[in-house]
Amino acid sequence: MCGIVGYIGKKNAAPLLVEGLRRLEYRGYDSAGVCLLTDKILEVRKSVGRVDKLAQAIQAKPVTGSVGISHTRWATHGAPTDANAHPHLDQSGRIALVHNGVIENYDRLRQRLAAAGHQFQSETDTEVLAHLIGEHYEKLKDESAVNGQRLTQAVLNALKEVIGTYGIAVICKDCPDIMVGARRGSPLIVGVGEGENFLASDVSAIVAHTRQVIYLNDYDVVTLTPAGYTHASLGTDTPALQVSQIEFSAEDVEKGGFAHFMLKEIFEQPRSIGNALRGRVDHEEAMAKFGGLNMTPAELRAVDRIVIAACGTSWHAGLVGEYLMEEFAQIPTEVEYGSEFRYRNAPLDKHTLVLTITQSGETADTLASLREARRRGHKVLSICNVVGSTIARESDGGIYLHAGPEIGVASTKAFTSQVTVLTLLAVLMGRMRTLSHTHARAVLKALEAVPAQVERILEHNDAIKKIASKYAQADDFLFLGRGYCYPVALEGALKLKEISYIHAEGYPAAEMKHGPIALIDEKTPSVFLCPKDSLYDKTFSNIEEIKARKGPVIAIATEGDEQITRKADDVIHLPAVPEPVFPLLATIPLQLLAYHIAVARGCDVDKPRNLAKSVTVE
């Protein structure tokens, strides 16, 4: 979580830092702060709340300087207060630090430093790290190293004592021409400019200023100057830093005329689904093709079990993938929460393939699952959206979504892109086994029609908004579906609770009778996913049971279904498609329903309370 932006160059850093923080605010918005180095003085401005409050504080008390660090916080240690906001200073006031991650042994370090006379101004683990670096900097004062080398060495020495995760940016008033960055388990990149350089936790913060970036590896420590950078490592290996090109532009991380990023990203799905399909369909062979799996056909055919590890929305996409893989390829597939997989001793036999799914490529639990699987000798493929991310780099192979940057905290286009890619992957695995040319071709043809069908669904945005306004004040929702629709019900419930704060639960429709039906009353809407599929009659019977108890029903149904129109209170009709493709269409109205309910309730849909976009801490 949290966002870091650092700048060293010739320009006034304050406007660049605040602009970068605004682009990173989806990573944390409990508090924000900056520290600029001006005439060997560290000037700190920080405040509780959004980046706009920080901007106001800087406007009220201006600060200038060409070297600076900044941070937007999602609180872990210590409540959101001015004192706990970053940046933090060391005991001497010479060193300033911003930090993402968690220092697990901070309490022991704090006690040791306090016994040595250090006084702390906050409750944070970050301030402890600042003091620890300051202690090592002081110990190096009698050595012959110049101040810049001394600061880098102090960071290296301090981090050797640290247990936990970090992405940090450090400046020192004795060293006006350098900035030090380091990472372990929390993303950090270097932006390479002309006569200037940047540190950031996400490329979106700096894409307006440079398209050249370096994705740091765990244990990397970099020292930046306006003219360049040097590299060291706390690890046993020190791979050379590689400069990469950012694929998107600054315009891609703007709202583009939409009220919220989430709404923009919902409307981008015809394009993002198309991008996930582009170049990956072989019509002649009725086959999907990928360039980055790094597995031979023989290795893919040898897979006899798949374990999918993911979190949140990606976990729901994984559930759709389980249905797809078992139907198309007849491969037993299990979906694990990344947080559970990493800690339990799940048996994995020789021919098990582990598949991780992540939008950011930095999700802590998913990354730990990847590393655990590889430690045990298993091939790991990843489905990921962010090029150059840690999970993308550490996987044996994988598939990029090419969905473009997703800024809204509640994932939308990444989910549908993940499901698209999973469908293609299931077709590939199926065609290597028993999936017929005819069946595969029909699925691929249906997939290629999805972008245009999503466009048609989005044309009904105003009608969905009216339905949302009707139910916006409900306190509870149920989302129900069978087969492929069950994971979509889970995802619909998650979207609603994430951004509107309404309690919502997703269930297999048949499970309703095993407890959840007790919640039904006239004020509790049920959202049913009820396409004209092989389970239609069963699902319709569940609707009858809700209506018999006077529960309101919103139905996601197939065009031309007049029976459900007569029964449900409100119906959103979707084009008729094969069952495996229906999740891609059904997700869209659920996203719009959640969005419009949240807006009607006055919620900030792009920055929901207590949430941040990328969960990089446990």
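Here are some worked exercises on this structure, which is a predicted model.

**Exercise 1: the largest nonpolar core**

Find the residues that touch the most other members of the largest nonpolar core, and name the helix that gives the most to this core.

*Solution.* Start with the membership: the largest nonpolar core holds 96 residues. Leu-355, Leu-425, Phe-477, Phe-479, Leu-529 and Ile-556 are the ones that touch the most other members. Next, look at the helices: helix 19, residues 582-600, gives the most, putting 12 residues into this core.

Now zoom in on Ile-556. Skip anything up to four places away in sequence, and its contacts include the run Val-527, Phe-528, Leu-529, Cys-530 and Pro-531. Ile-556 also touches Phe-582, Ala-586, Pro-589 and Leu-590, among others.

One last step: there's another core apart from this one, with 35 residues, including Ala-13, Val-34, Tyr-215 and Ile-246.

**Exercise 2: two residues of helix 19**

Work out whether Gln-591 and His-596 are buried or exposed, and list what each one touches.

*Solution.* Take Gln-591 to begin with. This residue lies in helix 19. Its relative accessible area is 1%, and the cut-off for buried is under 20%, so Gln-591 is buried. Leaving out neighbours within four places in sequence, Gln-591 is in contact with Met-262, Ile-266, Gln-269 and Thr-412.

Then go to His-596, which also has its place in helix 19. Here the relative accessible area is 9%, so His-596 is buried as well. With residues up to four places away set aside, His-596 touches Asn-461, Lys-465 and Ala-468. If you want a long-range check, pick Arg-110: it is 486 residues from His-596 in sequence, and the C-alpha atoms are 47 Å apart.

**Exercise 3: salt bridges**

Pick out three salt bridges, give the N to O distance for each, and say how exposed the partners are.

*Solution.* A bit of background helps: side chains of opposite charge can pair when their charged atoms come close. Searching the whole structure turns up 29 salt bridges.

- Step one is Glu-254 with Arg-23, at 3.0 Å. Glu-254 is in the loop between strand 14 (243-245) and helix 6 (261-267), while Arg-23 is in helix 1 (residues 13-24), so to speak a link between distant parts of the chain, 231 residues apart. Glu-254 is partly exposed at 37% relative accessibility, whereas Arg-23 is buried at 13%.
- Step two is Arg-305 with Glu-334, whose closest N and O atoms are 2.7 Å apart. Because Arg-305 lies in strand 17 (residues 305-310) and Glu-334 in strand 18 (residues 333-337), the pair ties together parts that are 29 residues apart in sequence. Arg-305 is buried, at 14% relative accessible area, and Glu-334 is partly exposed, at 30%.
- Step three is Arg-344 with Glu-336, at 2.3 Å. Arg-344 comes out partly exposed at 39%, but Glu-336 is buried at 9%.

To finish, look for shared partners: Arg-94, Glu-138, Lys-141 and Asp-174 are joined by salt bridges into one network.

**Exercise 4: rings**

Classify the aromatic pair of Phe-258 and Phe-267, then find which rings have the charged end of an arginine over them.

*Solution.* The whole structure has 6 aromatic pairs. For Phe-258 and Phe-267, the centres are 5.7 Å apart and the planes make an angle of 40 degrees. Stacked needs under 30 degrees and edge-to-face needs over 60, so this pair is tilted. Phe-258 is partly exposed at 30% relative accessibility, and Phe-267 is partly exposed at 28%.

For the charges, Arg-150 has its charged end over the ring of Tyr-137, 3.7 Å from the centre. Arg-609 does likewise with Tyr-501, at 3.9 Å.

**Exercise 5: strand order**

Which strands stand at the edges of the open sheet with the order 5-6-7-8-12-13?

*Solution.* First, read off the sheet: 6 strands, with antiparallel pairing. The edges are strand 5 (88-89) and strand 13 (229-233); each has a single partner strand, so one side of each is left without a neighbour in the sheet. For strand 13, go one level down: 5 bridges join it to strand 12 (residues 220-224), and the two run antiparallel. One of the residue pairs is Asp-220, whose bridge partner in strand 13 is Ser-233.

Conventions
Residues numbered from 1 in each chain as written. Predicted model: local features only at pLDDT ≥ 70, side-chain atom pairs only at ≥ 80, totals over all residues. Heavy atoms only, no water. Core = buried A, V, L, I, M, F, W, Y, C linked by side-chain atoms within 4.5 Å. Buried < 20%, exposed > 50% of the residue type's maximum accessible area, 1.4 Å probe, protein only. Helix = DSSP H or I, 4+ residues; strand = E, 2+ residues; numbered from the N terminus. Contact = heavy atoms within 4.5 Å. Phe/Tyr/Trp six-rings, centres within 6.5 Å; stacked < 30°, edge-to-face > 60°. Lys NZ or Arg CZ within 6 Å of the ring centre and 35° of its normal. Salt bridge = Lys/Arg side-chain N within 4 Å of Asp/Glu carboxyl O. Pairing = 2+ DSSP bridges.
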